[in-house]
Amino acid sequence: DLGEIIELSHFATERSTPREDGTQGNLDGRYSAHNAVVANGVDYAAWYSDGLRMVDISHPTRPEELAWFIPPARDDPQGYWAAPDGTGSFAMVWGVDVSDGLIYVSDMNTGLWILRYNPPTPEGIAAHGHLPR
């Protein structure tokens, strides 16, 4: 029953969050989630100009960003995409897939990226004083 859906939480990147007046604050790219894959309690979201976002959703009321990757800014080789402010060079992550411990990220301007996530160790957190990104 769609009338019984209850929002437990939400996640947005800083650049995709509207200003207090409701207007979009960042016009130098496209800041919206596109495709997402959920595996083992982690949402791997293709977030256009905000790249790949990995969000722990194992506690649905408290989503927590684990890591992110943004490919280098490049012009759209097809000349189709431009940012709202006319900027032509930015990341444009379209899709993501997860398989055998690897994360496949497709960026329309730079191609395919193959990543591996190595969770931080307690020693690494202690050395940096925070979760390294």
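Val105 of the predicted model contacts eight residues beyond its neighbours within four places in sequence, namely Leu52, Val93, Gly95, Val96, Gly111, Leu112, Trp113 and Leu115. Val105 itself is placed in strand E8, which covers residues 102-107. Because its relative accessibility is 0%, and the limit for burial is under 20%, Val105 counts as buried. Tyr117 follows Val105 by 12 residues in sequence, and the C-alpha atoms of the two residues are 12 Å apart in space.

A second buried position is found outside the strands. Asp50 is located in the loop that links strand E2 (42-46) to strand E3 (52-56). With a relative accessible area of 2%, Asp50 is buried. The side chain of Asp50 forms a polar contact with the side chain of Thr13, at 2.4 Å. Thr13 is also among the residues touched by Asp50 when those up to four places away in sequence are left out; the others are Arg15, Ser16, Arg30, Tyr31, Phe69 and Ile70.

Glu65 is a further acidic residue with a polar partner. The residue belongs to strand E4, which spans residues 64-69. Its relative accessibility is 17%, and since burial is set at under 20%, Glu65 is counted as buried. A polar contact of 2.9 Å joins the side chain of Glu65 to the side chain of Arg53.

At the level of the whole chain, the model contains 9 strands and 1 helix. Read from the N terminus, the order of elements is β-β-β-β-β-β-β-β-β-α, with the helix placed after the strands. Along the principal axes, the C-alpha atoms occupy a box of roughly 45 × 40 × 30 Å. The chain has 133 residues, of which 29% count as buried; Val105, Asp50 and Glu65 belong to this buried part. Of the contacts between residues at least 6 apart in sequence, 39% connect residues that are at least 24 apart.

The accessible surface of the chain amounts to about 8500 Å², and carbon and sulfur atoms contribute 52% of this area. The chain carries 8 positive and 19 negative charges, and the mean positions of the two sets lie 6 Å apart.

Technical notes. Residues are numbered from 1 along each chain as its sequence is written. This is a predicted model: local features need pLDDT of at least 70, side-chain atom pairs count only at pLDDT 80 or more; totals for chains, interfaces and linings use all residues. Side-chain values use heavy atoms; hydrogens and water are left out. Helices (H or I, at least four residues) and strands (E, at least two) are DSSP runs, numbered from the N terminus. Buried means under 20% relative accessible area, exposed over 50%, partly exposed in between (1.4 Å probe, protein chains only). A polar contact is a pair of N or O atoms within 3.5 Å; within protein, one must be able to donate a hydrogen and the other to accept it, and residues adjacent in sequence count only if both atoms are side-chain atoms. Contact means heavy atoms within 4.5 Å. Accessible areas come from the Shrake-Rupley method with a 1.4 Å probe; for residues, only the protein chains shown count as cover. Lys and Arg count as positive and Asp and Glu as negative; His and the chain ends are not counted. The place of a charge is taken as NZ of Lys, CZ of Arg, CG of Asp or CD of Glu.
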